[in-house]
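Dear colleague,

I am handing over the structure below, and after it you will find an account of what turned up when I went through it. Please read the text with the structure open beside you.

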Amino acid sequence: MGGAGLGLAAGCAVATCAIAAVMVGHRVRSRRRWGRAVALVREFEEASATSVGRLRQVVDAMAVEMHAGLASEGGSKLRMSLTFIDNLPDGSEEGTYYALDLGGTNFRVLQIQFSGKGSMILTHRVQRQPISQELMTGTREELFNFIASTLKQFVQREDDGIDQIPDVRKDLGFTFSFPVRQLSVSSGLLIKWTKGFSIKDAVGKDVAQCLNEAMLKTGLNMRVAALVNDTVGTLALGHYYDVDTVAAVIIGTGTNACYLERTDAIIKYQGLLMNSGDMVVNMEWGNFWSSHLPRTPYDISLDDESPNRNEQGFEKMISGMYLGEIVRRVLQRMAEESDIFPDAVQNLSVPFVLRTPLMAAMHEDGSPDLREVGRILEDHLKISGVSLKARRLLVRVCDIVTRRAARLAAAGIVGILKKIGRDGSAGVASGRTKGKPRRTVVAIEGGLYVGYSMFREYLNEAVAEILGEEVAPYVCLRVCEDGSGTGAAVLAAAYSSNR
Ligand code: BGC
């Protein structure tokens, strides 16, 4: 080979080496970036861990806070509000009653006919109406006028004369699923809004009175007979069907629980409550907080940027309003620090762009190539070209968030059982009859539990795990579909002045 030939060969070799070096460098960098994404998920998983030991600490903290909230007003982040409901329906309620259910982005109007015998519902008519963003953040007059006029149209359409004597005022159950200071069974003051509502001039007002006035204005001869939280409606309907029902939990857009408490344990109202017996207590557990909750930097930033900072801490880790948003925050960080979601930083930086139902659909994608995950990323987040292994990592993030949420909710439930002595920890004092624990039913409603099977499985599994195999068979978690609305109607029947 001549000198020129040698030079050319050497040049080629240098170029080949350079290309190889670039390729190797690229692969190393990309492997490093992939490693970074995996490390972020691993860190997140560790920070979100809910071992049974930790869950038991949450159970204890919940029971302690319940005691504190019952002892004095403001004694705990758990509000433990009185409801004045001291008699739960038992299936003997009779007649046609209406209910209004307001608690999220939809409100519902219902008309239910109760048979009066053996917990039988004869007719059940429902209309669903979306609430616009403007109404959620406008004035109380706009909101209540809208609700009353929708109710009026519904009554005109559905009121076919069954069981209704003209000119007799009809009784209505009003489910209002926000924190309220209850004044009586049929009245209560709004303490604060949650779940994205913010109608400033309604705070501090009696919401039943607002509705009564709006109904009067539209010419409706109706009156709020029972103002209830959605948990209370669910407990009422649960008890209507099964008298062993002692507590109810909602896990939907927001989360909360209520239960039947002995009045002599409600120390803060000892003067007010003369009769001894039981009363439903609305815990407002969305606001529960404990240092035992596994909080991550993503939860902290979500809270910092929320309109209700330092409030609803438990709700922000558990409920449907927030789970998708926690996942989005983790994915955004992964997009920033790795290249697994090509060109996605911008799209992933929009708060609440990943709604929980989409996250659930990705989590439950059973196809081997995670086709649904790819479709949702493309259609809803405008992110394309995500590799299969990156899609798998994304599903793992969804799993971590959902599992933590479900297990914390489970610990909350066992916390209530502990407070009322139904968790088996106190032997005979825990309601055991002849050595056997008593059957205990907890009614559950809300889209997350009812419609998201992975969430439901994780929660059921954790309740059994915490309770242990001796007590778990005596605790039944029972879905109480439409409890919030139908339960308010049955309470209107139970507390009706026409009864
Ligand atoms: C509200 C509760 C309600 C729960 C479930 C929370 O945000 O504060 O009153 O029961 O959501 O709807």
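The lining of the largest pocket draws at least two residues from each of S2, S3, helix H3 (133-136), helix H10 (356-363) and helix H13 (447-451); please keep in mind throughout that this is a predicted model. The space in this largest pocket comes to about 1,100 Å³, and among the 35 residues that line it, Gly-104, Thr-105, Gly-252, Thr-253 and Gly-447 are the closest to its centre. Sorted by class, the lining of the largest pocket holds 16 polar, 10 charged and nine nonpolar residues.

The second largest pocket has a volume of about 390 Å³, with 21 lining residues, of which Trp-193, Gly-196, Phe-197, Pro-307 and Asn-308 are the closest to its centre. Its lining divides into 10 nonpolar, six charged and five polar residues.

Turning to the sheets, one is an open sheet of five strands with mixed pairing, in the order S4-S3-S2-S5-S8. Its edge strands, each pairing on one side only, are strand S4 (121-130) and strand S8 (222-228), and from one strand to the next the twist averages 20 degrees. Within this sheet, strand S2 (residues 94-102) and strand S3 (residues 106-115) pair in the antiparallel sense over nine bridges, and Tyr-97 has Ile-112 in S3 as its bridge partner.

Two helices are worth following alongside these strands. Helix H5 (residues 207-217) packs on the sheet, where it touches S2, strand S5 (170-176) and S8, and its direction makes about 160 degrees with that of S8. Helix H6 (residues 230-241), by contrast, runs at about 90 degrees to S8 and lies across S3, S4, S5 and S8.

There is also an open sheet of six strands, again with mixed pairing, in the order S1-S11-S10-S9-S12-S13; strand S1 (81-82) and strand S13 (475-479) are its edge strands, each pairing on one side only. Strand S9 (residues 245-251) pairs with strand S10 (residues 255-262) in the antiparallel sense over five bridges, and Ile-251 stands opposite Thr-255 in S10. Helix H14 (residues 453-467) lies across S9 and S13, running at about 165 degrees to S13.

As for enclosed space, the structure holds four cavities of 30 Å³ or more. The largest cavity contains about 100 Å³ of space, and of the 14 residues that line it, the closest to its centre are Ser-177, Lys-195, Thr-255, Asn-256 and Glu-315, so that Thr-255, which stands opposite Ile-251, appears here again. The lining of this largest cavity divides into seven polar, four charged and three nonpolar residues.

The second largest cavity holds about 70 Å³ of space, and its lining includes Ser-81, Leu-82, Phe-176, Leu-227 and Val-228. At least two lining residues come from each of S1, strand S6 (180-184) and S8, and the lining as a whole has seven nonpolar, five polar and no charged residues.

Finally, a search of the whole structure finds 14 aromatic pairs. One of them is formed by Tyr-98 and Phe-154, an edge-to-face pair with 6.2 Å centre to centre and 85 degrees between the planes. This pair links distant parts of the chain, since Tyr-98 sits in strand S2 and Phe-154 in helix H4 (residues 140-158), 56 residues apart.

With best wishes

Methods: Residues are numbered from 1 along each chain as its sequence is written. This is a predicted model: local features need pLDDT of at least 70, side-chain atom pairs count only at pLDDT 80 or more; totals for chains, interfaces and linings use all residues. Side-chain values use heavy atoms; hydrogens and water are left out. Two strands pair if DSSP finds at least two bridges between them. Helices (H or I, at least four residues) and strands (E, at least two) are DSSP runs, numbered from the N terminus. Axes are lines fitted to C-alpha atoms, for helices over the stretch in contact, and angles run from 0 to 180 degrees between N-to-C directions. Contact means heavy atoms within 4.5 Å. On a 1 Å grid over the protein atoms alone, a cavity is a set of points where a 1.4 Å probe fits but cannot get out, and a pocket is an open set with protein on both sides within 12 Å along at least five of seven lines; lining residues have an atom within 4 Å of a point. Grid points are joined across faces, edges and corners, and a volume is the space filled by probe spheres set on the points. Ala, Val, Leu, Ile, Met, Phe, Trp, Tyr, Cys and Pro count as nonpolar, Asp, Glu, Lys and Arg as charged, and the others, Gly among them, as polar. Rings of Phe, Tyr and Trp (its six-membered ring) pair if their centres lie within 6.5 Å; planes under 30 degrees apart count as stacked, over 60 as edge-to-face and the rest as tilted.
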